[in-house]
Amino acid sequence: MTIRLNTESLTESFMATPEPDSQPVISVEGVSKKFCRDLRRSLFYGVRDIAADLTGGRPHSDRLRPQEFWALKDISFQLHRGQAVGLVGSNGAGKSTLLRIISGLIKPDTGRVRVRGRLAPLIALGAGFNPILTGRENIYANMSILGLTTQQIKQRFHEVVEFAEIEDAIDAPVQTYSSGMAARLGFACAIYTEPNILLIDEVLAVGDARFKAKCYRRLYELRQRGVAFILVNHNSQAILNICDQAIYLTRGALVTQGEVNAVVDHYERDLFLNSIERSENRMVFPPKAAAESNGIDFRDLFFRDGDGQLTQTLSTGEPVSLCATCEAHDSYSGVALDLRIAKVGGIESAGYVLSLRGQNDDTFFHLSPGLAEIRLQLPYLGLVPGVYSAQIRLRKDAVYTFDVVESFRFTVTSRQNVNKCQFYQPHSWALVPVVTPVSARQPLP
Amino acid sequence: MPPEFVYTPDSLLRRPRFLLWTMWRDLLASRELAWRLMVRDISAQYRQAALGIAWAFIPPVAMAVGFTLAKDANVFTVGETDIPYPAFVMFNTALWQTFVDAATGPVQAVIIAKPMLARVNFPREAIILAKLGEVGFNFGIKLILIVGLFLFFRVPVSWTVILAPVALIHLVLLGTLVGILLAPIGVLYQDVSKSLNMIMGFWLFLTPVIYPVPTEGAFGMLVSLNPVAPLLVTTRELATTGVLTEAVSFWVVSGLTLLGLLLTWIGFRIAMPYVVERVTS
């Protein structure tokens, strides 16, 4: 377990810590940081801080000056070897600031940060890339910025090129690369610095789906080898997949920290108004005023069984319908539902296991003002047992989004044994008596 | 045992021994990175220029041609110079340019490296060292011009020429001192880089580059207060006549430069985290 809550009981911490050497690789103790939104004043404070530091220290660095605010306030947590913690929170919550303090780029205003081991920031994809130099030259420059010696870079050079899949373009200037190629190169450079701690800030969005899956696999390998992670991502699915712990920040303050599912739940509850009701395999949303709405809103997401009855248990292989109760504020035609389902946890979770889009099936609905239920009927549920997270969108003509639910989480169980495979295939067995043996030479009818 | 780092709000000046130790450690650690950055910058510098390395020669030659023509036309008069005037101007310009490179280099380099500084915690000394290496490289190219010049004008060379690099290094270090002093502020306020060109133009006017050292009047007084003058003049004299006219001021300025460089380096280290925090948030 990555984080030991201050309030958590000792037994739980002991049970949760697999490593006997319990020295944390990162320990953050009461860290605060203040910023100023007014540029001129901010620069002036900067000069004043420098002057104060040069004359022996800043008194009252724990007090706000005019127009300052706390970008981080009294944050504490610990990170142990081989553990991954996700930072969640809306924009401006202080996630990146926290990462920058941990990497030693900026000084905390109060508190203290201890870091043991080599730390690689994946905040800095392609730091120091010069567009008119070749990929080869840039690998050397970039990796030495990340702290490797020439000898070490030489050893890893081929792996980096191979991982980034740019063998053909390695001697071409980076400005001729596509954005995906440059991003892949940056990611490969960073990931091959062999750090003890990785700070990842919103960078897993590079490249195509296949490369993304490869990045996740590599991160998974690193974690098996004991690398500790701090991951910042707006997408809670990515956090759920990679991290076992999470920290939720709001406006610089720590709201909660602990087991990842609980923290992400808390975050999402706050994010989508406070009144969303989440129960087992169901989400209920409060009504929105017409002014706040984009036209149609989700009000309820749930499942119905084969008889059309509301159900909270999903079983592999059974008929089921995903139902979305929607409230329209006007008449709309061309409304379609998009659904993407990803499995939560584990290495195979890098992509979506299922993606169903109304527009691909040419299924568009006409909604009149009021409530309506859109049903997605599945004759057999093909998902194997596990926890899934669905992103559900209500769209019009594939361009306009009425409403979106980022993460509708549900659990699938099974009455049969389908554990060792990736999907459920509806099937039946039969034994058929053969009257005349089929000869191989005989042409098929 | 993996390395351990501790970040606190306290001023590093309260732990002077730790501060000096980390400065030494980072200086050693930044050698290889500095070399990489220098290779990167030098290769990029000439790759997108059609005239390539000729850009190292063009400014001093242009200066020399301009001033020689002006002098021949009696637009202005200068005193007697130890060596032929075109050679005098060209050599001095090369030295002056090297000083300007050393002074403006760190400011520009730190500004260009802003995105890097904001994201990766690498030894910041590497940027300065890389720039110093680049200054040395560019001077090396100018040296080809100077050797050609000396041969062409049959400038007599004294044995003291082997000492000239020492004086040149002091000149570069003085420039670096100015550069490191301005770099952190230069990132925060654009005024620094905007005014730097103007200041350098005015400073050139106060430095015996196109004229020999004046001895009289208020102007002579001003020039004698200019710390660049003794270093530049001594470098030239060591390379040519071998007769030093400003030996005392040379050593005074050199001593102050070395002491000042250590102090500005400490200031630079302390200032950089605050600068990084203000430029990107």
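**Exercise 1. Find what share of chain B is buried, and describe its overall build.**

Start with burial: of the 281 residues in chain B, 51% are buried, meaning under 20% relative accessible area, with exposed over 50% and partly exposed in between (1.4 Å probe, protein chains only). Keep in mind that this is a predicted model, where local features need pLDDT of at least 70, side-chain atom pairs count only at pLDDT 80 or more, and totals for chains, interfaces and linings use all residues. Residues are numbered from 1 along each chain as its sequence is written, chains are lettered from A and ligands numbered from 1 in the order in which they are written, and side-chain values use heavy atoms, with hydrogens and water left out.

Next, the elements: chain B holds 10 helices and 1 strand, and from the N terminus their order is β-α-α-α-α-α-α-α-α-α-α. Here helices (H or I, at least four residues) and strands (E, at least two) are DSSP runs, numbered from the N terminus.

Then the dimensions: the C-alpha trace of chain B spans about 65 × 45 × 35 Å along its principal axes. Its radius of gyration is 20 Å, which agrees with the value near 19 Å for a compact globule of 281 residues; the radius is taken over C-alpha atoms, and the globule rule is 2.2 Å times the number of residues to the power 0.38.

**Exercise 2. Describe how chain B meets chain A.**

First, look at contacts (heavy atoms within 4.5 Å): 43 residues of chain B touch 60 residues of chain A.

Second, turn to area. The two chains bury about 4400 Å² between them, 59% of it on carbon and sulfur atoms; buried area is the accessible area (1.4 Å probe) that two parts lose on being put together, summed over both.

Third, name the leading residues on the chain B side: Tyr7(B), Tyr274(B) and Arg278(B) lose the most area to chain A, together 18% of what that side buries.

**Exercise 3. Place Gly66(B) and Ser315(A) in their surroundings.**

Begin with Gly66(B), which sits in helix H2 (residues 58-72) of chain B. This glycine is partly exposed because its relative accessible area is 37%. Gly66(B) and Pro86(B) lie 9.5 Å apart, C-alpha to C-alpha, with their positions 20 residues apart in sequence.

Now move to Ser315(A), in strand E14 (residues 314-315) of chain A. Its relative accessibility is 10%, so Ser315(A) counts as buried. Leaving aside residues up to four places away in sequence, Ser315(A) touches Leu381(A), Val412(A), Thr413(A) and Arg415(A).
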